[in-house]
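Colleague: I'm new to this one, so could you walk me through it and tell me why things get the labels they do?

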Amino acid sequence: MEKLIPRHNDILKELDEKGHVLVQDLCEKFNVSSVTVRKDLNYLESLGLLFRNHGGASKHVRYAYERNVDEKENINVEAKQSIAKGALELIRENDCIILASGTTMHYLARMLVNFGPLTVLTSSLRVAIELCNNPNINIIQLGGEVRKSSTSIVGSISEGILKQFSCNKLFLGVDGIDTEFGISTSNAAEAHLNQLMIECSEKVVILGDSSKLNKKGFGKIAPLDKVDYLITDNGISEEDQSALEERGVTVIVK
């Protein structure tokens, strides 16, 4: 391995503790110029020890990429199940809710097996099939183009149907949650449908495990001021939780 100077090790230690660092903060901490810090970060990135981004660096790559729903089904399973249980606590009888697509929504749909009466509008084919097991749930399946990778509906037909409804709560899975960029997903068509879901919902509840924090997907859905709740796992740092709460998001840790 290439030789690291003490400052490099200190930067990596800071990164391990916080998950991400800012150039300005490192300048003040080590009393060096921003040019020096940027050189340090670029060098450490060349060694594969961090990922550079605007204004600083992160321990993990900050850009979310699209994965097939079958692959995502087996990632962070325990966290997703706990998050789904947290979402269940926000649902009341006679609610009219939207369940968007995503593997956490599949777990939530299974937990609604004995719930009701309830009306659920969904873009997810898997969610609709799960809910068919409950006679007390009125299911409205959006129609349109099927995205096979997510087994969900997108496109102008689904968007036109969605505009006819008004719902109490939207439960939405995302690929990225960033304090500056907002919430995002890796698919532009899905991002646009999600935007319309937000417009026709009184409350917006994001279901996202802590691996989604400080990441950005290709398609921006909305800024954080459109989000009422984030339900996540205990992997969230105190710093990230405080930053989200400062922007008006109620963070529920499960």
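**Cysteines, helices and odd angles**

Modeller: Happy to; keep in mind that this is a predicted model. Searching the whole structure turns up 0 disulfides.

Colleague: How do you know that Cys96 is in no disulfide?

Modeller: The nearest cysteine sulfur, that of Cys167, sits 6.1 Å away. A disulfide needs the two sulfur atoms within 2.5 Å, so Cys96 is in none.

Colleague: And what about Cys167, how do you know it is in no disulfide?

Modeller: There the nearest cysteine sulfur is that of Cys200, at 5.3 Å. The cut-off is 2.5 Å, so Cys167 is in no disulfide either.

Colleague: Why is Cys167 called buried?

Modeller: Its relative accessibility is 6% and buried means under 20%, so Cys167 counts as buried. Cys96 has a relative accessible area of 29%, which falls between 20% and 50%, so Cys96 is called partly exposed.

Colleague: On to the helices. Why are H2 and H3 called roughly perpendicular?

Modeller: The axes of H2 (residues 23–30) and H3 (residues 34–46) come within 9 Å and cross at roughly 110°. Angles of 65 to 115 degrees count as roughly perpendicular, so that label fits H2 and H3. H2 passes H3 in a right-handed crossing.

Colleague: Which residues in H2 and H3 meet there?

Modeller: Val23, Leu26 and Cys27 on the H2 side meet Ser34, Val37, Arg38 and Leu41 on the H3 side. By class, that contact has 5 nonpolar, 1 polar and 1 charged residues.

Colleague: What about H5 and H6, at what angle do their axes cross?

Modeller: Helix H5 (residues 77–88) and helix H6 (residues 103–111) have axes that come within 8 Å and cross at roughly 55°. That makes H5 oblique to H6, because 55° lies between the 35 degree limit for roughly parallel and the 65 degrees where roughly perpendicular begins. The crossing of H5 with H6 is right-handed.

Colleague: What makes Thr151 stand out?

Modeller: Its phi is near 45°, a positive value in a residue other than glycine. Most residues other than glycine have a negative phi. Thr151 is in the loop between strand E7 (145–147) and strand E8 (152–154). With a relative accessible area of 17%, under the 20% limit, Thr151 is buried.

Colleague: And where is Asn214 found?

Modeller: Asn214 is in the loop between strand E12 (201–207) and strand E13 (219–222). Asn214 has a positive phi too, about 60°, although it is not a glycine.

Methods. Residues are numbered from 1 along each chain as its sequence is written. This is a predicted model: local features need pLDDT of at least 70, side-chain atom pairs count only at pLDDT 80 or more; totals for chains, interfaces and linings use all residues. Side-chain values use heavy atoms; hydrogens and water are left out. Axes are lines fitted to C-alpha atoms, for helices over the stretch in contact, and angles run from 0 to 180 degrees between N-to-C directions. Helices (H or I, at least four residues) and strands (E, at least two) are DSSP runs, numbered from the N terminus. Angles under 35 degrees count as roughly parallel, over 145 as roughly antiparallel, 65 to 115 as roughly perpendicular and the rest as oblique. A crossing is left-handed if the near helix is turned anticlockwise from the far one by less than a right angle, and right-handed if clockwise. Buried means under 20% relative accessible area, exposed over 50%, partly exposed in between (1.4 Å probe, protein chains only). Contact means heavy atoms within 4.5 Å. Ala, Val, Leu, Ile, Met, Phe, Trp, Tyr, Cys and Pro count as nonpolar, Asp, Glu, Lys and Arg as charged, and the others, Gly among them, as polar.
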